[in-house]
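Reader: Could you take me through one part of this model closely, the pairing of two helices, and then show how it fits with the rest? I'd like the cut-offs spelled out as you go.

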Amino acid sequence: MKIWLLVLLKLAGVLALGLVFGLITGRIALCLLIALLAYTVHRIWKLHRLVHWLRQRNYSNPPSLGGMWDEIVTEVLRLNRRKRYHKQRLVTMLHELRDSTAALPDGVVLLNARGEIVRFNRMAAEMLDLHGRKDIGIRIDNLLRQPEFLKYLAGSDFSSPKVLQTSTAPESWLSLHVLPYGEGQRILLIRNVTRHVRLEAMRKDFVANASHELRSPLTVITGYLETLAGDETVNEQFGAPIAEMRRQADRMAGIIGDLLVLSRLEAKEGEVEGEAVDVAAMLALLRKEALARPRRPASVTLTIDSQHRLLGDDIELHSAFANLLDNAVKYTPAEGNVAMRWWTDEAGAHFSVTDTGPGIPAESIPRLTERFYRVDTGRSRASGGSGLGLAIVKHVLQRHGGQLDIASVEGRGSTFTCHFPRRRIAPPVAGSNTGR
Amino acid sequence: METTDLSQHISSRFNEDLEAVRANLLAMGGLVEEQLRKGLGALTDANSALAGEVVRDDAKVNGMEVAIDRECLRILATRAPTAGDLRLVIAIIKAITDLERIGDEARKIAQISLRLATLEQPSDRYREVRHLGKLVEHMVHSALDAFARMDVDAALRIAQLDRQVDEEYESIQRQCVTFMMEDPRQIRRMLDVSWAARALERVGDHATNIGEYVVYMVHGQDIRHRNIEDVEPRPL
């Protein structure tokens with residue numbers, strides 16, 4: 001039977017009892033009132049016991065109140081059990097999460113929208129010298145004060161980490177990566193990259209030293225070959241081999257030279273400051289040199305659409321532009337054209353070289369600036385390039401905040417364009433005539 | 001500690017102003033730390049390019065000092081802070097002066113290293129000066145950390161380090177004099193080395209001052225010109 005029916009029956013019983021007494025005593029109303037009052041007082045007493053039990057928060061010994069009250073008690077107990085179960089699960093999960101972040105080899109610091117430290121793991125404390133709970137709520141930029149890091153944190157470009165040395169561990173290099181999430185919150189990921197930085201430095205040093213060491217023996221070989229070439233007592237049948245050896249020795253010297261240029265470019269950090277370089281004049285000179293070559297395309301043209309100068313390193317820019325022109329001239333057949341153009345616009349300054357050479361297959365374009373990458377092994381070896389030209393161009397442009405754009409159609413020709421940002425543009429030389 | 005918590009003001013703009021000016025002070029501190037590190041690097045590695053950078057960037061330090069000073073005056077004039085807030089602003093005004101001086105000393109070291117770079121580098125790369133430099137760098141770093149954390153204990157420890165700095169400075173001076181007497185041709189170089197050590201010793205003093213401002217800021221207690229032993233932080 002339903003509980004509520006039972007309760008109703010109970011009430012009816014009480015009323016009936018009152019009625020019977022009323023009939024006996026002849027005061028029906030009073031007896032009914034007393035019966036109801038007694039019933040209500042009993043209810044209130046039970047309610048009081050229930051509230052008392054609930055207040056105690058001790059769910060172990062529930063009162064037995066009977067009827068619907070027991071229903072309520074069981075329900076409360078059930079709810080409480082469920083709550084406890086979920087809480088337990090959450091706590092376990094949190095502990096697991098905390099323990100797992102603590103076990104991470106990387107440092108993790110959680111920051112709120114105002115940049116204050118919310119939470120960090122053990123590695124982070126070790127690497128950044130954080131002092132446990134005391135440091136929670138302190139702004140991260142108050143403790144990590146390197147100007148470089150402050151600039152990185154205040155900026156909006158978090159695509160790559162910032163690698164720097166901290167004053168707490170001067171010998172090691174840390175990579176600090178900010179990862180924004182949620183509403184302005186950020187994760188700061190800290191990694192020790194000392195080994196990586198050292199290896200990179202060793203690699204650079206190795207290339208620079210190796211090229212340097214190779215140069216001296218090569219100079220000796222080239223010297224003797226020159227003497228042999230001019231010596232008439234040498235048997236005539238060695239003429240051709242000696243000429244070939246001299247060509248190859250020159251090529252090797254070229255490669256070593258380019259390697260040295262590259263390693264020098266790599267050794268310099270950050271963007272060049274530089275002075276204003278008169279690009280128009282530099283290009284005119286380069287064109288003259290190209291025209292003076294014995295093997296060259298039918299026409300090499302130069303269009304100067306701007307007399308603006310470029311802020312940068314004279315020598316580096318010259319080597320980049322010369323490399324681009326050299327490639328164009330080398331790969332364009334005798335009846336083809338090479339066109340250079342220098343112009344400025346809203347986006348910045350630009351230099352392009354267009355040739356009517358064989359073009360580059362689309363799949364090769366992204367790999368073109370890799371060192372020693374050859375589109376077609378046979379062809380470029382024959383022309384005697386070092387395979388480092390475009391790598392040099394890329395590095396020079398990087399140091400000038402610019403980028404290289406390559407467009408090519410196979411069989412029709414290619415266009416190499418250097419883009420420089422606006423901040424690199426310098427006004428033209430005073431007194432020079434604009435336009436031609 | 002009630003002074004650490006700046007978030008009690010009814011006006012949240014005020015909080016932000018105080019937070020911002022403190023962050024600016026510490027950013028300036030970061031720049032000065034780097035100047036000092038670079039200056040020492042220039043000295044020990046005979047790196048004139050680095051020395052040039054330090055000399056050039058000193059203007060940045062000075063610019064920050066002026067900007068923070070102006071900001072502090074603005075807060076004093078418009079917000080009329082009291083108690084802990086007032087002490088914070090006062091401490092910042094004092095600390096920027098010391099930071100600026102540290103910046104000047106770093107520039108001095110860089111200029112000395114420009115001169116020394118033209119001479120032959122000694123094989124020990126100025127080991128004593130390097131050691132003193134490390135110690136002083138650590139002091140500046142701890143002083144700024146104490147400022148960020150409002151950590152009185154750490155601030156008091158800096159004053160103890162300063163004695164060590166003074167001892168090292170003395171020993172470098174003695175050494176320089178010995179070298180000069182041994183070989184008069186070395187006088188020029190040794191004078192420069194002793195000037196660099198002197199600059200570092202001054203940096204140590206300024207770092208100690210910043211530590212004292214931290215104590216003042218947190219406890220409202222002026223501990224300048226007193227022995228550290230007498231200044232045990234009194235219970236609040």
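Author: Let's start with the helix pair: α1(B) and α4(B) are roughly antiparallel to each other, because angles over 145 degrees count as roughly antiparallel (under 35 is roughly parallel, 65 to 115 roughly perpendicular, and the rest oblique). Their packing angle is about 175°, and the axes sit 11 Å apart. Axes here are lines fitted to C-alpha atoms, for helices over the stretch in contact, and angles run from 0 to 180 degrees between N-to-C directions. Helices (H or I, at least four residues) and strands (E, at least two) are DSSP runs, numbered from the N terminus.

Before going on, some housekeeping: this is a predicted model, where local features need pLDDT of at least 70 and side-chain atom pairs count only at pLDDT 80 or more, while totals for chains, interfaces and linings use all residues. Residues are numbered from 1 along each chain as its sequence is written, with chains lettered from A and ligands numbered from 1 in the order in which they are written.

So who touches whom? On the α1(B) side you'll find, among them, L26(B), G29(B), E33(B) and R37(B), and they meet a set in α4(B) including V129(B), R130(B), E137(B) and F147(B). Contact means that the C-beta atoms, placed from the backbone, lie within 7 Å. The residues of this contact split into nine nonpolar, four polar and four charged. For those classes, Ala, Val, Leu, Ile, Met, Phe, Trp, Tyr, Cys and Pro are nonpolar, Asp, Glu, Lys and Arg charged, and the others, Gly among them, polar.

These two helices also turn up between the chains. That contact takes 15 residues from chain B and 13 residues from chain A. On the chain B side, α1 (12–45) and α4 (127–149) are the elements that give two or more residues. α1(B) gives the most, with nine residues. By class, this side of chain B has six nonpolar, three polar and six charged residues.

For a contrast, look at chain A, where the axes of α9 (residues 279–291) and α10 (residues 314–331) come within 11 Å and cross at roughly 35°. M282(A), L283(A), L286(A) and A290(A) of α9(A) make the contact with H318(A), F321(A), A322(A), L325(A) and V329(A) of α10(A). That one divides into eight nonpolar, one polar and no charged.
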